Amino acid sequence: MSLTAVPPVACFGEPRLTAGFDEFGRLDLAAHETVHGAVNPLSPKGLLRLVEGIELKGKGGAGFPFARKFRAVLESADRQDLPTVVVVNATEGEPGAWKDKALLTRAPHLILDGAAIAAYALDADEIVIGVADDGIGEASLTAALAERRMPVRTGIVTVPHRFISGEGGALVRGINGEAHIPPGRKVRASDTGVGGLPTLLSNAETYAQLALAARLGPYEYGTVGTADEPGTVLLTVTGAAGRPAVVECPTGIPLRDVLELCETPEGPGVLTGGYHGKWISAEGAATAEVSRAGFAKVGGALGAGIIMPLSAEVCPLGEAAQVVTYLAGESAGQCGPCRLGLPDLARSLDLIVGGSAAAEVVRAAAGAVKGRGACSHPDGTARFATSALEIFTEDLEAHAARGTCGKRVKGVLGLPNAADAPTSKLVVDWSRCDAHGLCASVVPEFVRLDTNGFPSFPSTPVPTWLEGGARKAVRMCPALALRMTPVNG
């Protein structure tokens, strides 16, 4: 999927977030007010009653209750006697995520309405909207701000279009002028966020849902969807789908209906929730309902609403290995589980694809990073990798027995072809290598020694943040056996 165009938008039933898209394309302020009508401000108690009544949860991936976030900011501001800030996370750094971009480019005023409602209820000093520097959505958002008056000062901050830049702590750091990476320790934005102030941080769709609920009220909002998860959700359906789309649908509808709408071929499984999500089998996809509970029932995850089906002719383990290598390269590289553990996990999965390692090697590598990182990146990556082993058992057996499942790796999971993607790989001239082992000590994150003392590393590209160490290992190799070559060389 190109980064230059948002995929088409489709809808099951009566559109809500996507209302007016067919008629207007992009809703300017006049079209927005024609379609959605006016919205009134809410008091803190009124907002809490509303979001608790609809059980609003964050749509960015973690599904944290919005009421708990809002209450935590209120209490923190009162305790510290400080003003508050509202932050909209519209960065959407994951390559397969497009739903927030659809809102940014076509319904920016819904996002702004939700942010304005929250800011009024908090008596906030400022609203900050974080967007990626990929050129998608910023112009539309800027034009929308020029059309209206916001209740407080409102600004846009661009962040690098990287996987980890959209993590909440990374976004706050970026807004504060620091590096766009997660903090090395757990920091609650509700206590100390933008400018050290209590900060309400949630994603773009969450604020758009708040804007809808403020107009509809809890009862009308809950007339679609399930009792526990009322309303609609936005899904990004890509992967092997014949018609990739951002789909708005009520919670509770069968996932198979969404997949059929997007002309998805039969395949061995579906990735739910994105790169930090979980795989489900073809049988699970046939019975799953679209909701957090519905996906969890078949072992999946709603996450950020990313759905990536595979077709029957692709190698699922090879596709998964590509993603894990990408995620290892997207690490901030600031803690052991990321610097050492994720490259090791990528290496292990790559060895399984080549038929030279057992599943236990990947499970051990995943277990070594779980719960030990400075952010959720190692946990999410480990969950993705181990989930692939659980679902694609037949392919796993084929790789173990024959070194291949006979199917190709086609890169259908939306990995970017970014300018800063890894471009080099390490190779060894085995006629020269004398097993000095120096390379493993120079760049232990990527190179290991086998039982005979010879270097072992994946054939995949060297992550960009390890290239310096890899080149140093090349320079220091006593036998001149190690070299860097272009990925496509």
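Here are a few short exercises on this predicted model, each with a worked solution.

**Exercise 1. Overall build**

Work out how compact the chain is for its length of 489 residues.

*Solution.* Start with the inventory: the chain has 19 helices and 14 strands. Next, take the radius of gyration, which is 23 Å, and set it beside the 23 Å that the globule rule gives for 489 residues. The two values are close, so the chain is as compact as a globular protein of that length. For the outline, the C-alpha atoms fill a box of roughly 75 × 50 × 35 Å along the principal axes. Now look inside: buried residues make up 53% of the 489. Finally, take the contacts with a separation of 6 or more; 72% of them join residues 24 or more positions apart.

**Exercise 2. Tracing a sheet**

Find the strand order of the open six-stranded sheet, then pick out its edges.

*Solution.* Going across the sheet, you should read S1-S7-S6-S10-S8-S9, and the pairing is mixed. The edges are S1 (9-11) and S9 (278-281), as each of these pairs on one side only. Neighbouring strands are turned by 25° against each other on average, ignoring direction.

Now zoom in on the S9 end. Strand S8 (residues 269-272) pairs with S9 in the antiparallel sense, over four bridges. One pair to click on is Gly269, whose bridge partner in S9 is Ser281.

Last, see what lies across the sheet at the other end. Helix H5 (residues 99-106) lies across S1, S6 (232-237) and S7 (245-250), and runs at about 110° to S6.

**Exercise 3. Two cysteines**

Why do Cys433 and Cys477 not form a disulfide?

*Solution.* First, the tally: the structure holds zero disulfides. For Cys433, the nearest cysteine sulfur is that of Cys477, 6.6 Å away. Turn it round and Cys477 has its closest cysteine sulfur in Cys433, again at 6.6 Å, which is too far for a bond. The cut-off to hold that against is 2.5 Å between the sulfur atoms. As for their surroundings, Cys433 counts as buried at 14% relative accessibility, and Cys477 is buried too, at 15%.

**Exercise 4. Helix H16**

Check the length of helix H16 (residues 377-391), then decide whether it is largely enclosed or exposed.

*Solution.* At 1.5 Å a residue, the 15 residues should span 21 Å. The end C-alpha atoms are 21 Å apart, so the model agrees with that expectation. Then count burial: eleven of the 15 residues are buried, so H16 is largely enclosed by the rest of the structure. Among the buried ones are His377, Pro378, Phe384 and Leu389.

Conventions:
Residues numbered from 1 in each chain as written. Predicted model: local features only at pLDDT ≥ 70, side-chain atom pairs only at ≥ 80, totals over all residues. Heavy atoms only, no water. Pairing = 2+ DSSP bridges. Helix = DSSP H or I, 4+ residues; strand = E, 2+ residues; numbered from the N terminus. Axes fitted to C-alpha atoms, helices over the stretch in contact; angles between N-to-C directions. Contact = heavy atoms within 4.5 Å. Buried < 20%, exposed > 50% of the residue type's maximum accessible area, 1.4 Å probe, protein only. Expected span 1.5 Å × (residues − 1). Rg over C-alpha atoms; globule rule 2.2 N^0.38 Å.
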